[in-house]
Amino acid sequence: MLVVIKKDYQEVSREAARIVAGTVRAKPDIVLGLATGSTPLGLYKELVALYQTGSLDFSRATSFNLDEYLGLAHSHPQSFHHFMHHNFLSQINLPADRAHIPDGTITGKYDEYCAGYEQAIKSAGGIELQILGIGRNGHIGFNEPTSSLASRTRLKALSRETAEDNRHFFSSASEMPQCAITMGIGTILDSRRVLLLASGRSKAAAVAKAIEGPITSSVSASALQMHPDVTFIIDEEAAYSLTQRDYYRHVVEMTKIFTPERLD
Ligand code: PGA
């Protein structure tokens, strides 16, 4: 696990974009795992800018999003379909038929649908690089606390904390979905590389539990301790509660000298 601590949100976004862009250039037919939320917005802006200057090409790439609210039309301004198209996909050249986002409009046969999503990831060759944010409750995707560490894509009831964090985006409390379709923790652990981004003091406790706490289903992100290639890119505020900050900085310095490709 690498923990890269940057000054602020902008630096986190730039560092993440450097790694994602480098990976896409090295493997143009890459399968990306994408996340929504306020955290990856800066990353998407940087990637769009690189695309617009002609230095990045997504024409052979494929993407799979982590999750989607259940019950929202794709056109709903709070749906993750809308988020992805508005903030990223409509501004780059990733072919629409290769951009996968769980369909929150389905009204039955949820297990069958979710098994199909898992199969589509497998058929595409698996996810090479998975982008993650982290919730205040330590969730990744919508894998709420107590999600099985071996879970796969499924319908998941949202926790009270997640509902509280997101309710203000909706015009009324009753409009806030109570469930979502999300990749599971097992699905995420299958990706070959994970980049988790976090910014701000509100994430500090979750980040510390994920990196330094015990592996527990109470903090879904702690499962990443079992993944062989995870990089946390976090700002000073999100790193606030880590006890080993100096050691993580030392590890990054040594990595730059001995195995710099791990930071590419
Ligand atoms: P945020 O959400 O990026 O909007 O903070 C992260 C998450 O809940 O996973």
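Which residues line the largest cavity? Before selecting them, keep in mind that the model on your screen is predicted. Then pick Val 20, Leu 32, Leu 34, Leu 43, Leu 47, Phe 58, Phe 88 and Ile 131, which together form the lining of the largest cavity. Colour strand 2 (31–34) and helix 2 (41–52) as well, since these are the elements that each give two or more residues to that lining. If you colour by residue class, the lining comes out as 8 nonpolar residues, with no polar and no charged ones. The volume enclosed here is about 30 Å³, and the count of cavities of 30 Å³ or more comes to 1.

Next, select the ligand, and display the residues around it, which are Gly 37, Ser 38, Thr 39, Ile 134, Gly 135, His 139 and Lys 203. By class, this shell has 1 nonpolar, 5 polar and 1 charged residues. Show the side chains of Thr 39, His 139 and Lys 203 and look for their polar atoms: in Thr 39, a side-chain N or O atom is 2.5 Å from an oxygen atom of the ligand, in Lys 203 a polar side-chain atom also lies 2.5 Å from a ligand oxygen, and in His 139 the corresponding distance to an oxygen atom of the ligand is 2.7 Å. Taken on its own, the ligand has 280 Å² of accessible area, and the protein covers 73% of it.

Now keep the ligand visible and turn to the space that it takes, which is the largest pocket. This pocket has a volume of about 780 Å³ and is lined by 35 residues, among which Thr 36, Gly 37, Ser 38, Asn 166 and Phe 169 lie nearest its centre. To see which elements contribute, select strand 4 (67–69), helix 3 (80–87) and helix 5 (160–167), each of which gives two or more residues to the lining; helix 3 gives the most, with 5 residues. Coloured by class, the lining of the largest pocket divides into 13 nonpolar, 18 polar and 4 charged residues.

For the last stop, move to the second largest pocket, whose volume is about 180 Å³. Strand 1 (2–6), helix 1 (9–26) and helix 8 (245–258) each supply at least two residues of its lining, and the largest share, 5 residues, comes from helix 8. Among the residues to select here are Val 3, Lys 6, Glu 15, Arg 18, Tyr 248, Arg 249 and Leu 263. By class, the lining of the second largest pocket has 6 nonpolar, no polar and 6 charged residues.

Methods: Residues numbered from 1 in each chain as written. Predicted model: local features only at pLDDT ≥ 70, side-chain atom pairs only at ≥ 80, totals over all residues. Heavy atoms only, no water. Near = heavy atom within 4 Å. Polar contact = N/O pair within 3.5 Å; in protein donor to acceptor, adjacent residues only side chain to side chain. Areas by Shrake-Rupley, 256 points an atom, 1.4 Å probe, with all protein chains shown as cover. 1 Å grid on protein atoms, 1.4 Å probe; cavity = no way out; pocket = protein on both sides within 12 Å on 5 of 7 lines; lining within 4 Å. Sits in = over half its atoms within 2 Å of the grid points. Nonpolar A, V, L, I, M, F, W, Y, C, P; charged D, E, K, R; others polar. Points joined across faces, edges and corners; volume = space filled by probe spheres on them. Helix = DSSP H or I, 4+ residues; strand = E, 2+ residues; numbered from the N terminus.
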